[in-house]
Amino acid sequence: ELGRAVRFHQALLLTQKGEFDLAIEPLREILQFQPPSPEIDLSCGLVLLRRPLLPGSIPEADLPLVRQAGEAYCAHLARHPEQALPRFEALIQKHPRARYLHYGRGLVLAQQGSAEALDEYRREIELFPDDVLARVELAFGLLARGREAEAIAPAEEAARLAPGLFVTHLVLGRALAATGHLERGIRELERAAALQPQIAAIQLALARAYAQAGRKADADRARAAFQSLEATRRGAPAPRTP
């Protein structure tokens, strides 16, 4: 119980600082063990809608949208797409031009393995040409379907729009490495690691790219970093390095 309270306050502080991507994991962990409370719903809504506020600071006029968006997003984080999808669909009907709702519906569809998720990300980009997150998820979705060359364009645009966001360099680095542009792909992945060295997925992508490039010592170092981060996440002892 104390651990969940600590994780929740961590999510609140990260949200208030605008570090929304880092706030997702503590919320996801909480929702593995308990149903959402009204305050957690609001926190999920703030993360999805990218609003750097505490739940108590939400303007009264925005509360219904933030709460309903949070209910949908909490259901997604708790891996209940059967609850999340109709909630997002109802929200889109009510607020057809609200930001991040098509993106959120795309996340749920992607969780179900549906290719329709790509159309939702494209719809978000159509409504909001400066959108970064939908481009990132579109690129990841294309990578997952073996369409690496198509993933480069949305990934490059995401990195141009948000050069300080680690995930834009992660997805671009992965797309470049997968299409044989190893040197540039590694540079992008190293940039992602410099922005967020504690993200295990970055270290894993680096390990694979270094191995492709024949850089064994770098690959071993990145793999060890990945294993250590994963052990920390699971609460297990970190593996010993030889």
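Two worked exercises on this predicted model follow, one on aromatic pairs and one on a pocket.

Residues are numbered from 1 along each chain as its sequence is written. Local features need pLDDT of at least 70, side-chain atom pairs count only at pLDDT 80 or more, totals for chains, interfaces and linings use all residues, and side-chain values use heavy atoms, without hydrogens and water.

**Exercise 1.** Classify the aromatic pairs and the burial of their residues.

*Solution.*
1. Rings of Phe, Tyr and Trp (its six-membered ring) pair if their centres lie within 6.5 Å; planes under 30 degrees apart are stacked, over 60 edge-to-face, the rest tilted.
2. The structure holds two such pairs.
3. Y100 and Y103 have ring centres 6.3 Å apart and planes at 70°, so this pair is edge-to-face.
4. Y103 and Y121 have centres 6.4 Å apart and planes at 45°, so this pair is tilted.
5. That second pair links distant parts of the chain: Y103 sits in helix 6 (residues 101–111) and Y121 in helix 7 (residues 116–127), 18 residues apart. Helices are DSSP runs (H or I, at least four residues), numbered from the N terminus.
6. Now check burial. Buried means under 20% relative accessible area, exposed over 50%, partly exposed in between (1.4 Å probe, protein chains only).
7. Y100 is buried at 14%, Y103 at 7% and Y121 at 2%.
8. Y100, Y103 and Y121 form one aromatic cluster.

**Exercise 2.** Describe the lining of the second largest pocket by residue and class.

*Solution.*
1. A pocket is an open set of points on a 1 Å grid over the protein atoms alone, where a 1.4 Å probe fits, with protein on both sides within 12 Å along at least five of seven lines; lining residues have an atom within 4 Å of a point.
2. The lining has 18 residues; G18, F20, D21, R50 and L165 lie nearest the centre.
3. Helix 2 (residues 20–33) gives the most, with three residues.
4. By class, nine are nonpolar, three polar and six charged. Ala, Val, Leu, Ile, Met, Phe, Trp, Tyr, Cys and Pro count as nonpolar, Asp, Glu, Lys and Arg as charged, and the others, Gly among them, as polar.

Methods. Helix = DSSP H or I, 4+ residues; strand = E, 2+ residues; numbered from the N terminus.
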